[in-house]
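Welcome to this guided tour. Keep your viewer open, and select each stop as we reach it.

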Amino acid sequence: MAAARADTLQTVELADGVEIQLRVAGPAVRSMAYLIDLLIRIGIDILVAICAHWLLQDLIGEEMTHGLSLLFVFFMEWFYNVFFEAGAKGSTPGQRAMKLRVMSVTGGPVSLAQAVMRNFLRVVDFMPGLYLTGIVCMLFTKRFQRLGDLVANTVVTYAEVPLFNAPQVEIRAERRAPSQVLTREEQAALLQFLERSPLWADERRIELATLVQPLTKAAGVEGLRRLCGMALWLQAPEDKSGTPPPLKGAAMFRP
(Lines give C-alpha, C1' and ligand atoms only; values in the text may rest on other atoms or scores of the structure.)
Protein backbone atom coordinates (compact mmCIF):
# COMPACT_ATOMS: atom_id res chain seq x y z
CA MET A 1 0.00 0.00 0.00
CA ALA A 2 2.78 2.44 0.89
CA ALA A 3 4.37 2.00 -2.53
CA ALA A 4 1.17 3.19 -4.16
CA ARG A 5 1.18 6.52 -2.40
CA ALA A 6 2.92 9.69 -3.50
CA ASP A 7 3.92 11.25 -0.19
CA THR A 8 7.26 12.40 -1.67
CA LEU A 9 5.86 14.65 -4.40
CA GLN A 10 7.91 17.81 -4.74
CA THR A 11 6.73 20.83 -6.69
CA VAL A 12 9.34 22.61 -8.84
CA GLU A 13 8.67 25.97 -10.46
CA LEU A 14 10.40 26.43 -13.81
CA ALA A 15 11.76 29.70 -15.17
CA ASP A 16 8.59 30.36 -17.18
CA GLY A 17 6.39 29.96 -14.11
CA VAL A 18 5.18 26.45 -14.96
CA GLU A 19 5.09 24.04 -12.01
CA ILE A 20 6.00 20.36 -12.32
CA GLN A 21 5.89 17.62 -9.72
CA LEU A 22 8.69 15.16 -9.07
CA ARG A 23 8.31 12.09 -6.88
CA VAL A 24 11.75 11.98 -5.30
CA ALA A 25 13.35 8.80 -3.98
CA GLY A 26 14.62 8.52 -0.43
CA PRO A 27 17.87 7.07 0.95
CA ALA A 28 16.50 3.54 1.55
CA VAL A 29 15.48 2.72 -2.03
CA ARG A 30 18.56 4.48 -3.41
CA SER A 31 20.77 2.35 -1.16
CA MET A 32 19.18 -0.79 -2.58
CA ALA A 33 19.84 0.44 -6.13
CA TYR A 34 23.48 1.21 -5.22
CA LEU A 35 23.91 -2.27 -3.74
CA ILE A 36 22.58 -3.90 -6.91
CA ASP A 37 24.94 -1.83 -9.07
CA LEU A 38 27.85 -2.65 -6.75
CA LEU A 39 27.23 -6.38 -7.12
CA ILE A 40 26.97 -5.98 -10.91
CA ARG A 41 30.28 -4.07 -11.06
CA ILE A 42 32.04 -6.64 -8.87
CA GLY A 43 30.72 -9.46 -11.04
CA ILE A 44 31.89 -7.77 -14.24
CA ASP A 45 35.31 -6.97 -12.73
CA ILE A 46 35.82 -10.61 -11.71
CA LEU A 47 34.68 -11.91 -15.10
CA VAL A 48 36.99 -9.54 -16.99
CA ALA A 49 39.92 -10.42 -14.72
CA ILE A 50 39.41 -14.15 -15.34
CA CYS A 51 39.08 -13.69 -19.11
CA ALA A 52 42.14 -11.45 -19.22
CA HIS A 53 44.16 -14.03 -17.27
CA TRP A 54 43.22 -16.78 -19.72
CA LEU A 55 43.59 -14.78 -22.93
CA LEU A 56 46.34 -12.23 -22.33
CA GLN A 57 48.74 -13.54 -19.71
CA ASP A 58 50.73 -15.66 -22.13
CA LEU A 59 50.79 -12.85 -24.71
CA ILE A 60 51.73 -9.78 -22.67
CA GLY A 61 52.82 -11.20 -19.33
CA GLU A 62 51.28 -11.41 -15.88
CA GLU A 63 52.15 -7.88 -14.73
CA MET A 64 50.73 -6.20 -17.84
CA THR A 65 47.58 -8.31 -17.60
CA HIS A 66 47.16 -7.36 -13.96
CA GLY A 67 47.68 -3.68 -14.81
CA LEU A 68 45.03 -3.79 -17.55
CA SER A 69 42.60 -5.45 -15.14
CA LEU A 70 43.16 -2.71 -12.58
CA LEU A 71 42.69 -0.06 -15.29
CA PHE A 72 39.35 -1.64 -16.21
CA VAL A 73 38.29 -1.61 -12.55
CA PHE A 74 39.21 2.09 -12.38
CA PHE A 75 37.04 2.96 -15.38
CA MET A 76 34.15 0.87 -14.06
CA GLU A 77 34.31 2.63 -10.70
CA TRP A 78 34.30 6.14 -12.16
CA PHE A 79 32.32 5.85 -15.39
CA TYR A 80 29.80 3.03 -14.82
CA ASN A 81 27.14 5.41 -13.47
CA VAL A 82 28.07 8.18 -15.90
CA PHE A 83 27.55 5.89 -18.91
CA PHE A 84 24.07 4.79 -17.86
CA GLU A 85 22.78 8.02 -16.28
CA ALA A 86 23.74 10.12 -19.30
CA GLY A 87 22.00 7.60 -21.57
CA ALA A 88 18.46 7.64 -22.89
CA LYS A 89 16.92 5.98 -19.83
CA GLY A 90 18.85 8.06 -17.30
CA SER A 91 19.36 5.16 -14.91
CA THR A 92 21.77 2.36 -14.10
CA PRO A 93 20.64 -1.29 -14.05
CA GLY A 94 20.28 -1.09 -10.28
CA GLN A 95 18.23 2.08 -10.49
CA ARG A 96 16.00 0.54 -13.18
CA ALA A 97 15.49 -2.51 -10.97
CA MET A 98 14.20 -0.19 -8.23
CA LYS A 99 12.19 1.84 -10.79
CA LEU A 100 14.33 4.97 -10.31
CA ARG A 101 15.95 7.44 -12.66
CA VAL A 102 18.26 10.43 -12.41
CA MET A 103 17.01 13.68 -13.88
CA SER A 104 17.58 17.40 -13.73
CA VAL A 105 15.58 19.32 -11.13
CA THR A 106 13.85 21.01 -14.07
CA GLY A 107 12.39 17.65 -15.05
CA GLY A 108 14.63 17.18 -18.10
CA PRO A 109 17.15 14.41 -18.82
CA VAL A 110 20.61 14.51 -17.30
CA SER A 111 23.35 15.91 -19.52
CA LEU A 112 26.80 14.33 -19.77
CA ALA A 113 28.31 17.18 -17.73
CA GLN A 114 25.73 16.71 -14.95
CA ALA A 115 26.32 12.95 -14.88
CA VAL A 116 30.07 13.49 -14.61
CA MET A 117 29.76 16.05 -11.81
CA ARG A 118 27.33 14.06 -9.65
CA ASN A 119 29.36 10.87 -9.95
CA PHE A 120 32.85 12.35 -9.60
CA LEU A 121 31.70 13.96 -6.35
CA ARG A 122 30.56 10.55 -5.12
CA VAL A 123 33.96 10.14 -3.47
CA VAL A 124 33.16 13.16 -1.26
CA ASP A 125 29.70 11.83 -0.43
CA PHE A 126 31.28 8.51 0.55
CA MET A 127 33.56 10.13 3.16
CA PRO A 128 34.34 9.36 5.91
CA GLY A 129 32.85 5.98 5.03
CA LEU A 130 29.64 4.17 4.00
CA TYR A 131 28.25 7.30 2.34
CA LEU A 132 27.92 9.09 5.66
CA THR A 133 28.27 12.57 4.13
CA GLY A 134 25.85 11.75 1.33
CA ILE A 135 23.20 10.29 3.66
CA VAL A 136 23.38 13.24 6.06
CA CYS A 137 23.09 15.64 3.12
CA MET A 138 20.04 13.76 1.78
CA LEU A 139 18.31 13.85 5.15
CA PHE A 140 18.69 17.62 5.38
CA THR A 141 17.44 18.45 1.86
CA LYS A 142 13.75 18.27 0.94
CA ARG A 143 14.51 16.51 -2.37
CA PHE A 144 16.91 13.97 -0.80
CA GLN A 145 19.87 15.36 -2.75
CA ARG A 146 23.37 14.35 -1.83
CA LEU A 147 26.28 16.73 -2.37
CA GLY A 148 26.84 15.51 -5.94
CA ASP A 149 23.16 16.15 -6.76
CA LEU A 150 23.28 19.66 -5.32
CA VAL A 151 26.34 20.60 -7.39
CA ALA A 152 25.04 18.96 -10.59
CA ASN A 153 21.48 20.24 -10.04
CA THR A 154 20.06 16.72 -10.32
CA VAL A 155 17.58 14.64 -8.36
CA VAL A 156 16.75 10.92 -8.15
CA THR A 157 13.05 10.25 -8.77
CA TYR A 158 10.75 7.33 -9.33
CA ALA A 159 10.55 6.54 -13.04
CA GLU A 160 6.78 6.31 -12.92
CA VAL A 161 4.28 7.67 -10.42
CA PRO A 162 2.25 4.60 -9.46
CA LEU A 163 -1.44 4.62 -10.16
CA PHE A 164 -3.61 4.89 -7.09
CA ASN A 165 -7.10 3.44 -7.10
CA ALA A 166 -8.99 5.31 -4.41
CA PRO A 167 -11.43 3.17 -2.44
CA GLN A 168 -14.95 3.63 -3.74
CA VAL A 169 -16.59 4.66 -0.48
CA GLU A 170 -18.79 7.58 0.35
CA ILE A 171 -17.04 10.40 2.11
CA ARG A 172 -18.26 11.04 5.66
CA ALA A 173 -17.84 14.80 5.44
CA GLU A 174 -20.60 17.37 5.23
CA ARG A 175 -20.13 20.65 3.45
CA ARG A 176 -19.53 23.42 5.92
CA ALA A 177 -18.52 27.02 5.59
CA PRO A 178 -15.07 27.86 6.96
CA SER A 179 -15.14 29.10 10.54
CA GLN A 180 -13.29 32.26 9.53
CA VAL A 181 -12.72 34.36 6.44
CA LEU A 182 -10.04 32.87 4.21
CA THR A 183 -7.76 34.74 1.86
CA ARG A 184 -7.61 33.80 -1.80
CA GLU A 185 -4.32 31.98 -1.23
CA GLU A 186 -5.79 30.03 1.68
CA GLN A 187 -8.82 29.04 -0.37
CA ALA A 188 -6.55 27.86 -3.20
CA ALA A 189 -4.48 25.83 -0.73
CA LEU A 190 -7.63 24.19 0.65
CA LEU A 191 -8.83 23.25 -2.84
CA GLN A 192 -5.40 21.85 -3.71
CA PHE A 193 -5.56 19.73 -0.56
CA LEU A 194 -8.88 18.27 -1.73
CA GLU A 195 -7.49 17.61 -5.20
CA ARG A 196 -4.17 16.05 -4.22
CA SER A 197 -5.08 14.16 -1.07
CA PRO A 198 -6.09 10.96 -2.94
CA LEU A 199 -2.36 10.50 -3.64
CA TRP A 200 -1.45 10.58 0.05
CA ALA A 201 -1.61 8.04 2.83
CA ASP A 202 -4.22 8.52 5.56
CA GLU A 203 -1.50 9.41 8.05
CA ARG A 204 -0.23 12.17 5.77
CA ARG A 205 -3.74 13.64 5.34
CA ILE A 206 -4.32 13.67 9.08
CA GLU A 207 -0.89 15.24 9.64
CA LEU A 208 -1.67 18.09 7.24
CA ALA A 209 -5.17 18.56 8.66
CA THR A 210 -3.69 18.89 12.14
CA LEU A 211 -1.66 21.89 11.01
CA VAL A 212 -4.88 23.87 10.48
CA GLN A 213 -6.54 22.79 13.73
CA PRO A 214 -7.28 26.44 14.63
CA LEU A 215 -9.52 26.49 11.54
CA THR A 216 -11.21 23.11 12.00
CA LYS A 217 -11.41 23.21 15.82
CA ALA A 218 -10.76 19.45 15.83
CA ALA A 219 -7.87 17.00 15.57
CA GLY A 220 -7.33 13.60 14.04
CA VAL A 221 -9.89 12.08 11.69
CA GLU A 222 -12.60 14.51 12.78
CA GLY A 223 -10.36 17.45 11.89
CA LEU A 224 -9.73 15.85 8.49
CA ARG A 225 -13.49 15.44 7.89
CA ARG A 226 -14.15 19.08 8.77
CA LEU A 227 -11.32 20.27 6.54
CA CYS A 228 -12.69 18.20 3.65
CA GLY A 229 -16.14 19.64 4.27
CA MET A 230 -14.80 23.18 4.05
CA ALA A 231 -12.92 22.33 0.85
CA LEU A 232 -16.08 20.82 -0.66
CA TRP A 233 -18.00 23.96 0.33
CA LEU A 234 -15.44 26.10 -1.50
CA GLN A 235 -15.42 23.76 -4.47
CA ALA A 236 -19.19 23.68 -5.03
CA PRO A 237 -21.41 25.65 -2.62
CA GLU A 238 -25.09 24.78 -2.33
CA ASP A 239 -27.39 26.28 -4.95
CA LYS A 240 -30.45 28.37 -4.18
CA SER A 241 -32.67 25.30 -3.80
CA GLY A 242 -30.50 24.13 -0.93
CA THR A 243 -29.55 20.91 -2.71
CA PRO A 244 -25.79 20.29 -2.82
CA PRO A 245 -24.32 19.16 -6.14
CA PRO A 246 -22.70 15.69 -6.41
CA LEU A 247 -19.56 15.21 -4.33
CA LYS A 248 -16.43 15.21 -6.47
CA GLY A 249 -14.26 14.12 -3.55
CA ALA A 250 -16.43 11.17 -2.58
CA ALA A 251 -13.57 8.66 -2.48
CA MET A 252 -10.92 10.68 -0.77
CA PHE A 253 -10.32 8.68 2.40
CA ARG A 254 -11.55 5.69 4.30
CA PRO A 255 -14.06 6.54 7.05
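Before the first stop, here is one term: a residue is called buried when its relative accessible area is under 20%, exposed when that area is over 50%, and partly exposed in between. Please also keep in mind that this is a predicted model.

**The whole chain**

Start with everything in view and colour by secondary structure. The protein chain has 11 helices and four strands. Of its 255 residues, 36% are buried. The accessible surface comes to about 15,200 Å², and carbon and sulfur atoms account for 64% of that. Now think about how the chain folds back on itself: taking contacts between residues at least 6 apart in sequence, 67% join residues at least 24 apart.

**Stop 1: rings in helix α2**

How many aromatic pairs does a search of the whole structure find? The search finds nine. For one of them, select tyrosine 80 and phenylalanine 84: their ring centres are 5.1 Å apart and their planes meet at 65°, so this pair is edge-to-face. The cut-off behind that name is an angle over 60 degrees. Both residues belong to helix α2, residues 62-85, and because they are four residues apart there, about one helical turn separates them.

Is tyrosine 80 buried or exposed? Its relative accessible area is 4%, so tyrosine 80 is buried. Phenylalanine 84, at 23%, is partly exposed.

Stay with tyrosine 80 and add arginine 41 to your selection. The charged end of arginine 41 sits over the tyrosine 80 ring, 5.7 Å from the ring centre.

**Stop 2: another pair and a cluster**

Next, select phenylalanine 126 and tyrosine 131. With ring centres 5.3 Å apart and planes at 80°, these two also form a pair that is edge-to-face. Phenylalanine 126 is partly exposed, with a relative accessible area of 36%, while tyrosine 131 counts as buried at 13% relative accessibility.

Then select Phe74, Phe75, Trp78, Phe79 and Phe120 together: these residues form one aromatic cluster.

**Stop 3: valine 124 in helix α5**

Move to helix α5, residues 122-126, and pick out valine 124. This valine is partly exposed, with a relative accessible area of 29%. Leaving aside residues up to four places away in sequence, valine 124 touches Thr133 and Leu147. Try a distance label from valine 124 to glycine 148: the two are 24 residues apart in sequence, and their C-alpha atoms are 8.2 Å apart in space.

**Stop 4: helix α6**

Select helix α6, residues 132-139, where Gly134, Cys137 and Met138 are buried. Turn the view until you look down the axis of α6: its buried residues fall within an arc of 100°, so they line one face of the helix. What covers these buried residues? The cover includes α1 (27-60), α5 and α7 (147-152).

While cysteine 137 is on screen, note that it counts as buried at 17% relative accessibility. Cysteine 228 is buried too, at 0%. You may wonder about disulfides. A disulfide is a covalent bond between the sulfur atoms of two cysteines. Counting a disulfide takes two cysteine sulfur atoms within 2.5 Å, and the count here is zero.

**Stop 5: threonine 157 in strand β4**

Go to strand β4, residues 154-158, and select threonine 157. This threonine is buried, with a relative accessible area of 2%. Show its contacts: beyond residues up to four places away in sequence, threonine 157 touches Leu22, Arg23, Val24, Ala25, Lys99, Leu100, Arg101 and Met103.

Arginine 23 deserves a second look. Add tyrosine 158, and you will find arginine 23 lying over the face of its ring, 4.1 Å from the ring centre.

**Stop 6: helix α9**

Finish at helix α9, residues 202-211, where the buried residues include Asp202, Arg205 and Ala209. Look down the axis of α9 this time: the buried residues fall within an arc of 60°, so they line one face of the helix. Which exposed residues does the face turned away from the buried side of α9 carry? They are Glu203 and Leu211. For a last view, show what covers the buried residues of α9, including α8 (184-196), α10 (213-216) and α11 (220-235).

Note on methods
Residues numbered from 1 in each chain as written. Predicted model: local features only at pLDDT ≥ 70, side-chain atom pairs only at ≥ 80, totals over all residues. Heavy atoms only, no water. Helix = DSSP H or I, 4+ residues; strand = E, 2+ residues; numbered from the N terminus. Buried < 20%, exposed > 50% of the residue type's maximum accessible area, 1.4 Å probe, protein only. Contact = heavy atoms within 4.5 Å. Areas by Shrake-Rupley, 256 points an atom, 1.4 Å probe, with all protein chains shown as cover. Phe/Tyr/Trp six-rings, centres within 6.5 Å; stacked < 30°, edge-to-face > 60°. Lys NZ or Arg CZ within 6 Å of the ring centre and 35° of its normal. Arc of directions from axis to C-beta.
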